[in-house]
Amino acid sequence: MKILFVHQNFPGQYLHLARHLASVPGNEIVFITQRQDASIPGVKKIVYKPQRIVTPGIHHYLRETEAGILNAQEVARVAMELKNAGFVPDVMLGHNGWGEIWYLKDVFPNTPLLGYFEFFYKEQGADVGFDPNDPPTPDRPPRLRTKNFGNLLALESVDWGQCPTLWQRSVYPLRYQSIISVIHEGIDTQLVRPSDNASFSIPGTEIVLQQGDEVVTYVARNLEPYRGFPSFMRSLPAILERRPNAHVLIVGGDETSYGPGLADGLTFRQRLLDELGDAIDLKRVHFLGKVPYSSFLTILQISRVHVYLTFPFVLSWSMLEAMSAGCLVVGSRTPPVEEVIRDGENGILVDFFSPRDISQRVVEALEDVRAHAQIRHNARRTIVDKFDLRTICLPAQLGLIEKLVL
């Protein structure tokens, strides 16, 4: 079978699926991307880049749309070159987010296209307007309506869609939900599992933390409000005061993935450190930046309590991986966290905006690890039963592909 993948950040959500399909004898896998590094054995990667930048001064509603069009044009050009060279895929898979799949059906009209849909923007009931400090403006509704241009274009182009959680599908217009299957890309629970022997050496120090120590962990791609970083930081003074042996490991960069950055150019990390001052003991609060995946797994394995906070938005892999590693997750009472975590059963839910609530539940978890042993066990069981790569998610993805190809 010939399979074409498209994702600007190779391999994105397709790591496990592309790796599996490439291992099947007779399959020919081509992956179109903007990312130059990284590779998967058996996958032919073709790197593209847009022909130009977005038009300076274009209406701000249309910046993302034009960027998507520029991506889509280049992907279509690469696809046409593949077609002229004799490569006609049996199925195409691609993420909708950056426009790359918009014109694929114009090149391969008879090839089924499976689109990956993560989020549909709404004025109410999701991320926008969730923060009470973000008051509505007359500009917001039309801006968000226009922001969904690419979503709607792709929904009308694909043969079928995939979405990772029920809540994320629910934010799409009802008329399209029937063509979107809810299938998570999967967690490798054989790799991401508890370890009694895990230990982690904090770079630049002589500190070595082990499973059983009082370790609080927080992970995000970048340290920013969408992932609750301000609330988490403001919870730390009380945690540090009440648990003098606790160490806090913070993984994440200083860029901005979602929402606006600070107008003064400061990072959110620096802004919060300036705000909290001496209440943050940097001998016990460790900013690790972005770490290798192996280090990330070890950090989860030594964690006594893992804090995951998010706006009503895309669910992070890291929360599911933390549960798979047997962490006690203190998560925000927001969708789609509530879709996975049942308070007091397989995790703890807290008020996203309440540092006091967060600190109280973290301190309780640090005080008595045995009291939460069943919750940790249930957390891993949830991931094994509902998100396991090999037994649940990969078979479901392969089954969806088979239906499209037949």
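These are my notebook entries on what I looked up in this structure, which is a predicted model.

**Entry 1. Overall shape**

I began with the whole chain. I counted 15 helices and 15 strands in the protein. For 406 residues, a compact globule would have a radius of gyration near 22 Å, and the protein agrees with this because its own value is 22 Å. The box that holds the C-alpha atoms, taken along the principal axes, is roughly 65 × 50 × 40 Å.

I then looked at burial and surface. Of the 406 residues, 52% count as buried. The accessible surface comes to about 18400 Å², and carbon and sulfur atoms hold 50% of that. Among contacts between residues at least 6 apart in sequence, I found that 67% join residues at least 24 apart.

For charge, I noted 41 positive and 45 negative side chains. The centres of the two sets lie 3 Å apart.

**Entry 2. Ile 3 and Glu 28**

I went to the start of the chain next. Ile 3 is found in strand β1. Is Ile 3 buried or exposed? Ile 3 has a relative accessible area of 1%, so I put it down as buried, the cut-off being under 20%. Leaving out residues up to four places away in sequence, Ile 3 touches Leu 21, Asn 27, Glu 28, Ile 29, Val 30, Phe 87, Val 91 and Leu 93. I also checked Ile 3 against Leu 174, which is 171 residues apart from it in sequence. Their C-alpha atoms are 30 Å apart in space.

Glu 28 is on that contact list, so I followed it up. Glu 28 lies in strand β2. Its relative accessibility is 38%, which makes it partly exposed. With residues up to four places away in sequence not counted, Glu 28 touches Met 1, Lys 2, Ile 3 and Phe 87. Phe 87 is thus listed for Glu 28 and also for Ile 3. I looked up Lys 44 as well: it is 16 residues from Glu 28 along the chain, and the two C-alpha atoms are separated by 8.3 Å.

**Entry 3. Backbone oddities**

I looked for cis peptide bonds and wrote down two of them. The bond from Phe 10 to Pro 11 is cis, with omega near -10 degrees. Pro 11 sits in the loop between β1 (2-6) and α1 (15-23). The bond from Pro 335 to Pro 336 is also cis, with omega near 0 degrees. Pro 336 is in the loop between β14 (329-332) and α12 (337-340).

Ala 38 was my next stop. Ala 38 is not a glycine, yet its phi is positive, about 75 degrees. Where is Ala 38 found? I placed it in the loop between β2 (28-33) and β3 (43-47). Its relative accessible area is 36%, which I recorded as partly exposed.

**Entry 4. Two buried charged residues**

I checked Glu 74 in helix α2 (residues 63-84). Glu 74 counts as buried because its relative accessibility is 5%, and the limit is under 20%. Which side chain does the side chain of Glu 74 meet in a polar contact? I found Arg 77, at 2.9 Å. Outside its neighbours within four places in sequence, Glu 74 is in contact with Tyr 48, Lys 49, Pro 50 and Gln 51.

Lys 105 lies in helix α3 (residues 104-107). Lys 105 is buried, with a relative accessible area of 17%. Its side chain reaches the backbone oxygen of Thr 111 at 2.9 Å. Thr 111 is also on the contact list of Lys 105, along with Met 92, Pro 112, Leu 113, Ser 157 and Asp 159, residues up to four places away in sequence not counted.

**Entry 5. Phe 200**

I finished with Phe 200, which is found in strand β8 (residues 199-201). At a relative accessible area of 9%, Phe 200 is buried. What is Phe 200 in contact with, leaving aside its neighbours within four places in sequence? I listed Ile 207, Val 208, Leu 209, Leu 249, Leu 288, Ser 295, Thr 298, Ile 299 and Ile 302. I also noted Phe 296, which is 96 residues from Phe 200 along the chain. The C-alpha atoms of Phe 200 and Phe 296 are separated by 9.8 Å.

Technical notes:
Residues are numbered from 1 along each chain as its sequence is written. This is a predicted model: local features need pLDDT of at least 70, side-chain atom pairs count only at pLDDT 80 or more; totals for chains, interfaces and linings use all residues. Side-chain values use heavy atoms; hydrogens and water are left out. Helices (H or I, at least four residues) and strands (E, at least two) are DSSP runs, numbered from the N terminus. The radius of gyration is taken over C-alpha atoms; the globule rule is 2.2 Å times the number of residues to the power 0.38. Buried means under 20% relative accessible area, exposed over 50%, partly exposed in between (1.4 Å probe, protein chains only). Contact means heavy atoms within 4.5 Å. Accessible areas come from the Shrake-Rupley method with a 1.4 Å probe; for residues, only the protein chains shown count as cover. Lys and Arg count as positive and Asp and Glu as negative; His and the chain ends are not counted. The place of a charge is taken as NZ of Lys, CZ of Arg, CG of Asp or CD of Glu. A polar contact is a pair of N or O atoms within 3.5 Å; within protein, one must be able to donate a hydrogen and the other to accept it, and residues adjacent in sequence count only if both atoms are side-chain atoms.
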